[in-house]
Every structure is written in C-alpha cells, then in structure tokens.
Amino acid sequence: IHKSLHAFHPAPPPLRCQSLSGVGAPRWNDQDIPKEFNFASYVVDYWVQMEKEGKRGPEPALWWINNQGDEVKWSFSEIKDLSCRVANILTQTCSLQQGDHLALILPRVPEWWLVALGCIRTGIIFIPGTTQLKAKDILYRLQVSKAKAVVTTDTVVSEIDSVVSECPALKTKLLVSDHSLHGWLDLRSLIRSASPEHTCIKSKTKDPMIIFFTSGTTGLPKMAKHSHGLALRSYLPTCRKLMRLKKSDVFWCVSDPGWILAAVGGLFEPWTAGCTLFIHHLPQFDPKVIIKALLEYPITHCIAAPSVFRMILQEKIPRFPTLKHCFTGGESLLVEEFEKWKKQTGILLHEIYGQSETGVTCSVLQEMKIKPGSMGKAISPFDVQFLKEASAKNYITIIDDKGNVLPPNTEGNIGIRIKPTRPVGLFMYYKDNPQKTAEVECGEFYNTGDRATMDAEGYIWFLGRSDDVIMSSGYRIGPSEVENALAEHPAVAESAVVSSPDPTRGEVVKAFVVLNPPFRSHDQNQLTKELQQHVRAVTAPYKYPRKVEFVPELPKTITGKIKRAELRKKEFGQM
Ligand code: BCO
C-alpha cells in the first residue's frame, strides 16, 4: 500500500505557499515571534517550492523502511499532495472542524506524518498516543479529550472497539491497514480517491495544535496542550543551532510517535531544515536492528533516549560510516555512557532536556564546550539570559519552592519564566485542569518538577524528580497509574510503586506489594510474573513493574499516606 500510495502520486497542485522567505534565512529573530504560523504551509510547502525551483536535491523528505524490505520515499511535493488529501478526508468525509480533537494512535508508519500534517493544515488538534496503550488507557484518553475521531492500526482496533460505546463524542474511526474492517473507514483507500486541492488554514501562532498526555505523581495523565508555537520554535535562529541540520542530512528519530520527542525530533526539526527524515517501522525494539540500519543507510544524525544508546553499547558495534551527530534525551545520561559512546563510535552524544510540557529546552549545542554529565544550557527562547541581562523576559533558571531564583550551584527546581510573557512553544495549559495548571505555576515560573543545579556558565545538571514520578528508559511513569493497575489484581491488598536503579534503563518501576491473606502462601516468583503480566494487560506495558517485592506492610505517615520517598531512598541506597 505504501508503494501504491507512492506510485499514485500525481503532479503536485499549484503552490499556495505563504512564506518563501526561507528556512536558511528565517524571517523572525528569537524574540520577534510572528502572530501567524502554520508548519504545513510555512515549512513543508516552502520546501515544495524549493523542489520545484531545483533548489533542493532529489533526496526524499521521508524515507521509511521496515524489516520486510518495504520502503517508501516521498518528496515534499508528494507529502504535500498526500497530506492535503488527508486534510480533505478529515474535514469532508469525517466532518471534523478546526479545534476538534483527533486521537492519533499509530506506530511508525508513513500515514502518521500525513495525518499529523492533515491536522495542522485544518487546525484539527491531534493527540498522539503510543500503540502500547490498552483499552482502559484509551477509554480515559478518548473520554477526557472528547476526541471526535481516532486513527489507528490493526493491533489497537480491538482495544478501541471494546470501549467505543463509552465514548459518546467519538464519531469517526479511521484504520491504517492493508485490509478494510467493518465499522472503520479505510484511510489508505480514502487517500487514493481524495482531492489533493486544499487551502491550509491561517493559524495564529497561539492557536492550539497538539495535545500530549503526561503523567504525574497523583491522578490520571493530564493533557498538556501546545500551540503552533511548538513547531515554530524549530524555525527560530537559535534553535537551528541545536542540530545544525542541512538539506543533505538524513535524520533518524528513534522515538515512538506517541511522544513529544518524536513530534519535535521526527517532524518539526528535520523538515524545518529540509532534510531527509528516516523512519524505521521498528514494531519491536531491537538494538541489532538499529545498528544494522545505521550501517546500511546514509544516516547522518540520530536522536534517541539514553536507554537506546545503552542497549546499543551492550552489542558489538562497528564504526558507523555516515553517522556524524547523536542526540539523546528523556532521561539522564551517565558520564561513563557518554565516554563509552565516544570511544566506540568516535561520535559525541549531545544531551537535550525537555518534557511533554516544554519540548526541547536545554541542549549541548554542537559548538559548545561539553561538560559530561550536564544536559547543556537553555536554548532559545529559554536562553539563560539572566547571566548577561537581568531584564530578560524568558529564561530557564533554578528556583526554590516559592519561585525565587537560586544562586549558581544551588540545588532547586528547573523553572521556566512565564511572566510577564509565556515563551513560545511552552505548553499553553493542562486542558480542563486549571488546578494542575496552577499547581505548576510558581511565582513567575513554570515549575518543571525536575531537580537540578546550574553552574556559573549556565550549564544545567539534572538531579532527579521532586515528586514521585518515575523516569524509566525515557518514559515518564506516574506511580499511581501502576498502583491502580495492581489494585485490580485479587492478590494485591495494597502497593507502593517507586523508581529503582537499573544499569540498562536508568530507572525501572518497582512495586512493593502487600498480599491479601489467601495469596501469602503462593509461590512468590510465580506471583511476580502473574502481577507483571496483569499490569501489561491492563495498562500500557512500558509501565509494568520490572521489580516486585512482597512486604508485610508499607511505610505510612500518621495520616495513612504511603511514604514512597522512604522506599525510593532505600532503593537508591540512601538509607
Ligand atoms: O522488556 P519486556 O520485553 O519485558 O517488555 C517490553 C515490551 O516487550 C513489551 N511490549 C511492547 N509493546 C507491547 C508489549 N507487550 C504487550 N503488548 C504490546 N503492545 O512491554 C515492555 C515495554 O517496554 P519498553 O517500551 O521499554 O520496550 P523495549 O522494547 O524494552 O524498548 C526499549 C526502549 C529504550 C526502546 C524503550 O524503552 C523506549 O523507546 N524508550 C524511549 C521512550 C521515549 O522516546 N521517551 C521520550 C519521551 S519525550 C521526552 O522525554 C521529552 C524530551 C524533549
């Protein structure tokens, strides 16, 4: 089907490009933010024009492969054509309008990029989700977002169909598959017959574009809502310094398309630069497959969570012929890992830092002195300007619990100044959750909840979370989500879930479990496997407790609150 989509592509329609000023010479500086911005018309359609004028080579804009030998190569013209068709399908066939919500639960298939762009062209707000989500996760997401449409693939269909009757807002189900299915619209055949003529909306930079669900210590995941400013950020001159991508580069973002890292690293960054985005379907992660791809394809840049690089380092790795730069973020990278990667590959591993709420905010830029163990300095528009300019409006710094700026080398929370001006690209708010939105506002700052120090040169050193959130292999996992899943098992009287150190995944989820009396005599190894399997079945499996310890009771405060911090400290050997 991918091949047939490729072959089907007709001549591109007349260009309706709104900005021909060029990404090589951006028309905005870091502070002068335009009122209107749309990634599809300003960036993608700009490269269509460059292709037409012969100012961009024949390299594909999207290069997708899988393990079965299938391959898709699309130019920007083809991407424009196909994403305009998707835009028409969304607005005409599905009757969706600007501001409606669409859940995008697809693996790494080319249609993810077409639907994302189709949404951006129409102003439909898309909500990416990993295909690891299970029925309950999906039910919650569809209900709280009131999504009117969902786009998914075969492996997730039954999870969605099992909850769809409880989602009154959901009107349209679109399937990306090689076959059609009753009750589902077949996106691939719709694309073939849709019109490629579409006029992109004129979106305001502050109009909503995308929502990411993000976990916290308590409650269910929140909806971090982002504007088109998230995509605009990749366009700003200082941001261009982050990866310094050229049109001839081939960029691979290994992250699952459910996460913000994939939106920024696998969509906005590479296409703003006009380079080739390489995508491997990777239904199951296997470091050998990554190594093989890095050897066989002309990949120049790669971005992935530290766990991915750690897992690659556990293999025998040769020198990669074309790879020049690697970037990593989502969890801490140890100094030893940085050194080992450099020694074995000859390539530097540049750290980035960000959250679903923030996108990339700090980085070790290519021209910067590297201080191993530091995740670099704030990047535009979050630059550490206080060092030079006390009146700077937007910057990242270290704050105390009241929002006071702390002196260099003092531990506190990473704060992003939001008053008087909220920086472009920072999330707008947690949708329908003013209480949580207010909770993360701390004086003039957005409090990331990440503990760190900053040295006198503005380098930031990550220390950990200030709450009970677990950062495991690049995932942000709320302990209560795992505890709720465990509570559904008859063996579990109560549980406390905390992070525990792990040589490969940085941290893993550990569950301390108090068993109900009838289960106390059961084989504990067997019970551990059963509980792990149970969690994998009822919620996204990346959250399952890789360690389980059965305990007679949990440490609690006088008021009965579980002392997770005490358990966590024990795990990290601090007690
Ligand atoms: O390890 P196990 O085999 O016991 O279990 C794994 C999977 O095999 C299994 N699984 C996956 N899909 C499943 C499934 N089981 C049932 N049904 C399914 N549909 O469940 C476990 C999932 O764990 P995993 O995802 O960690 O899998 P894996 O294969 O070990 O992958 C390793 C990594 C490193 C590739 C993976 O952990 C990963 O992708 N990590 C990075 C996440 C990421 O991209 N984070 C960035 C977030 S955005 C951000 O931080 C902001 C930065 C600006």
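These are my notebook entries on one protein structure, which is a predicted model.

**Overall build**

I began with the secondary structure and found 17 helices and 27 strands in the protein. I then looked up the radius of gyration, which is 23 Å. The globule rule gives 25 Å for 575 residues, so I noted the protein as being as compact as a globular protein of that length. Along the principal axes, I read a span of about 70 × 60 × 50 Å for the C-alpha trace.

Next I asked how contacts are spread along the chain. I took the contacts between residues at least 6 apart in sequence, and 68% of them join residues at least 24 apart.

**Surface and charge**

I looked up burial and found that 62% of the 575 residues count as buried. The accessible surface of the protein is about 22,300 Å². Carbon and sulfur atoms account for 52% of that surface.

For charge, I noted 70 positive and 61 negative side chains. The centres of these two sets are 3 Å apart.

**Nonpolar cores**

Which residues touch the most other members of the largest nonpolar core? I found F39, L102, F126, F268 and W271, in a core of 80 residues. Helix α2, residues 39-52, gives the most to this core, with nine residues.

I followed L102 further, leaving aside its neighbours within four places in sequence. The contacts I listed for L102 include L90, L96, V115 and C119. Also among them are I124, I125, F126 and I127, and I noted A149 and V151 as well.

I then found a second core, separate from the largest one, with 40 residues. Among its members are A103, L175, A491 and A511.

**Helix α10**

I checked how well helix α10, residues 260-272, is covered. The entry is short: 13 of its 13 residues are buried. After α10 comes G274, and I noted that its phi is positive, near 75°.

**H534**

Where does H534 lie? I placed H534 in helix α16, which covers residues 524-538. Is H534 buried or exposed? Its relative accessible area is 14%, and the cut-off for buried is under 20%, so I entered H534 as buried.

I looked up what H534 touches, not counting residues up to four places away in sequence. The residues are A485, L486, E488 and H489. Last, I compared H534 with Y544, which is ten residues away in sequence. From C-alpha to C-alpha, H534 and Y544 are 8.6 Å apart.

Note on methods: Residues numbered from 1 in each chain as written. Heavy atoms only, no water. Helix = DSSP H or I, 4+ residues; strand = E, 2+ residues; numbered from the N terminus. Rg over C-alpha atoms; globule rule 2.2 N^0.38 Å. Buried < 20%, exposed > 50% of the residue type's maximum accessible area, 1.4 Å probe, protein only. Contact = heavy atoms within 4.5 Å. Areas by Shrake-Rupley, 256 points an atom, 1.4 Å probe, with all protein chains shown as cover. Lys, Arg positive; Asp, Glu negative; His and termini not counted. Charge placed at Lys NZ, Arg CZ, Asp CG, Glu CD. Core = buried A, V, L, I, M, F, W, Y, C linked by side-chain atoms within 4.5 Å.
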